[in-house]
Amino acid sequence: MEVVKIENITRVYKVGQIETHALRGVNLTIENGEFTALVGPSGSGKTTLLQMIGCLDQPSTGRVFVDGKDVTTLNRNQRADMRKGHIGFIFQFFALIPTLSAYENIEMPLLLNGHSPAERKARVEELLQAVDLADRANNRPDQLSGGQQQRVAIARALAPKPALILADEPTANLDTANGEQVMEIMTRLNKETGVTFVFATHDPRVIKYARRVVTLRDGLVVQA
Amino acid sequence: MIQIFKMAFRDLGRNRRRSFFSALAVAIGLALLMLMSSVIAGEMGSAIESAIRLSSGHIQIRAATYNENKSSLKWEDLVADPEKVASQIAAYSQVKAATPRLYASGFLSSGTQSAGARITGIDPLSPASDPYRAGLISGEYLSPDDHDSVLIGKPMAEKLNLSAGDKVSLSLNTADGNVQEQTFTVKGIYTTDTYGFDSATIFLPLAKAQALTQTENHASTIFVLLNDTSLTDLVVPALTVPANLQIKTWRELNALFVEWETMAQSYIGIFYMIILAITASVIINTLIMSVYERTREIGILSAIGMRGSRILGLFLAESSLLAVGGVIMGLLLGVLAIYLFNINGFYIGNMGLTGILVTDTIRAKLTLDNTINVTVMTFIVTILSGLVPAITASRLEPVAALRAEK
């Protein structure tokens, strides 16, 4: 069953009189449970494509279906609700809320989804175990290493049990050891939970973990 | 909701110094508003109470034809058989004192110096005359059967270089339009700390004033003091007076003061707005800075599904917390400021106002009404100030916000 279906999307950024074509007509289908890498050089459109799939941005033309829903027709709040319940994000810069502890960062999507305190507690503790950070639950981001922060971000992305997790260069700010640890955790969770992972990267050490590689160049999918 | 406030509280804690000074700005704003409203309440309250106690009373009963500005002494403009009218009014339980008074205009001379005077014939023993007795600073107080004694105010004594026991010449109009002159002894010198009153008003026993002005058994007014100012509107409809007499309340008798108060209130409103605008600008500045510093975080919250309305709520929660902190500090600062202000009061001396009796020292009077009003006003303005940055934050596009520098 397909989690993502992209139909001929384009994305044109206009700055003054200059138009930049970030995506030029992308078609792509991602099946449930995939562990897919979007690869390509800088400027190939990887991040833009992730933003379209993640309802963070909207295509200039074409349609994007996530979990069977055409997200290009959704308004701002509906897209926020889509992200809240169906999509998890992992960013290159870790993207944790600095005033919240690891526990509270992971809990945040559950709060937004209206889970009860007992449900939240059980889920957060389960995820802290899953990313091997149970002893760091009360630490704030500035008390965690880069690798630990990225593991918290993975746990946060998984918290609401989304259909899809999107990761943009998840190891770009990590050293080799931490980068590999993060990729191994993502691989393991993909296998254990069946959640679909789509990650953008141009790091060959990361690409080797992917079971499917989609290559983009100049805003087009050249190999899927 | 609790989580939003928890986050807001921690966000404010990130830059404690900035948050503290923002709350302090709210606090200083509130303290200033409290001090201003208390000074106004104190001054207005004391001015009106002074006017009532010293000059107008709560109510006056006068002849329908009496013209206050002319201090008319014609019999038809006066209250006949005033003791009888006064005793009827004194029978009302809400009435503290009802006493006849006679007003005449004239001037006082000593050597080559002279000064205009408002001669007031009073019953020295009436409770309504207590403020003059209490204000005696030298000599003795009047007695009802004094025939050649006068009580003068301190400023007039200074102007004419008079002391108790000195002789002074008093010239005044009489009922038939002539001028009567007689030498009096300054029996006592008083002060009510109200320059406008003390500098012009001299007192004689009523019987002597009537004899001198040839207004036998007549008075300009029946001066009525009630147990409380708030009883005025209750008592007036209950009073029955002969058709040739009229009832005047303290509001009518102090119309100039009421106008002054209205004018003062509108100026105060402008000051209030200035203070609140300054407070608001500090809060807006603080939260706008906060939005710019946390743009990427707002993007993250948006990416994980936080709706714009909730982001708006987060920033409003921050302004609410600043408001709560500022208001608590402001209430303490305000009370302290008022306490310090009242230790010695604020001496203004003679403001040169005519027709309005203002005491020479301003004191602040903190009222619950004023405190609630300015506190609620400050609280609302502070929270509303958070709206601009909150809306800015809630409208950030997640993609643009995520691209922001940390």
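How many aromatic pairs does the structure hold over all chains? In this predicted model, the count comes to eleven. A pair of aromatic rings is described by the distance of the centres and the angle of the planes. A good place to start is with Phe20(B) and Phe21(B), whose ring centres are 5.4 Å apart; their planes meet at 70 degrees, so this pair is edge-to-face. Phe20(B) is partly exposed, its relative accessible area being 41%, and Phe21(B) is partly exposed too, with a value of 47%.

Another edge-to-face pair is formed by Tyr190(B) and Phe197(B): here the centres are 6.5 Å apart and the planes stand at 65 degrees. Both Tyr190(B) and Phe197(B) are buried. These two rings also belong to a cluster, in which ring pairs link them with Tyr132(B) and Phe203(B).

Aromatic rings can be met by charged side chains as well. Within chain B, Arg101(B) lies over the face of Phe223(B), 3.8 Å from the ring centre. Arg296(B), in turn, lies over the face of a ring in chain A, that of Phe93(A), at 3.7 Å from the ring centre.

Finally, it is worth pausing at Leu225(B), found in strand β11 of chain B, which covers residues 221-226. Leu225(B) has a relative accessible area of 7%; that is under 20%, so this residue counts as buried. What surrounds Leu225(B)? Leaving aside neighbours within four places in sequence, its contacts are Ile52(B), Gly57(B), His58(B), Val95(B), Lys96(B), Ala97(B) and Ala128(B). The C-alpha atom of Leu225(B) is also separated by 8.8 Å from that of Gln60(B), although the two residues are 165 residues apart along the chain.

Note on methods:
Residues numbered from 1 in each chain as written. Chains lettered and ligands numbered in written order. Predicted model: local features only at pLDDT ≥ 70, side-chain atom pairs only at ≥ 80, totals over all residues. Heavy atoms only, no water. Phe/Tyr/Trp six-rings, centres within 6.5 Å; stacked < 30°, edge-to-face > 60°. Buried < 20%, exposed > 50% of the residue type's maximum accessible area, 1.4 Å probe, protein only. Lys NZ or Arg CZ within 6 Å of the ring centre and 35° of its normal. Helix = DSSP H or I, 4+ residues; strand = E, 2+ residues; numbered from the N terminus. Contact = heavy atoms within 4.5 Å.
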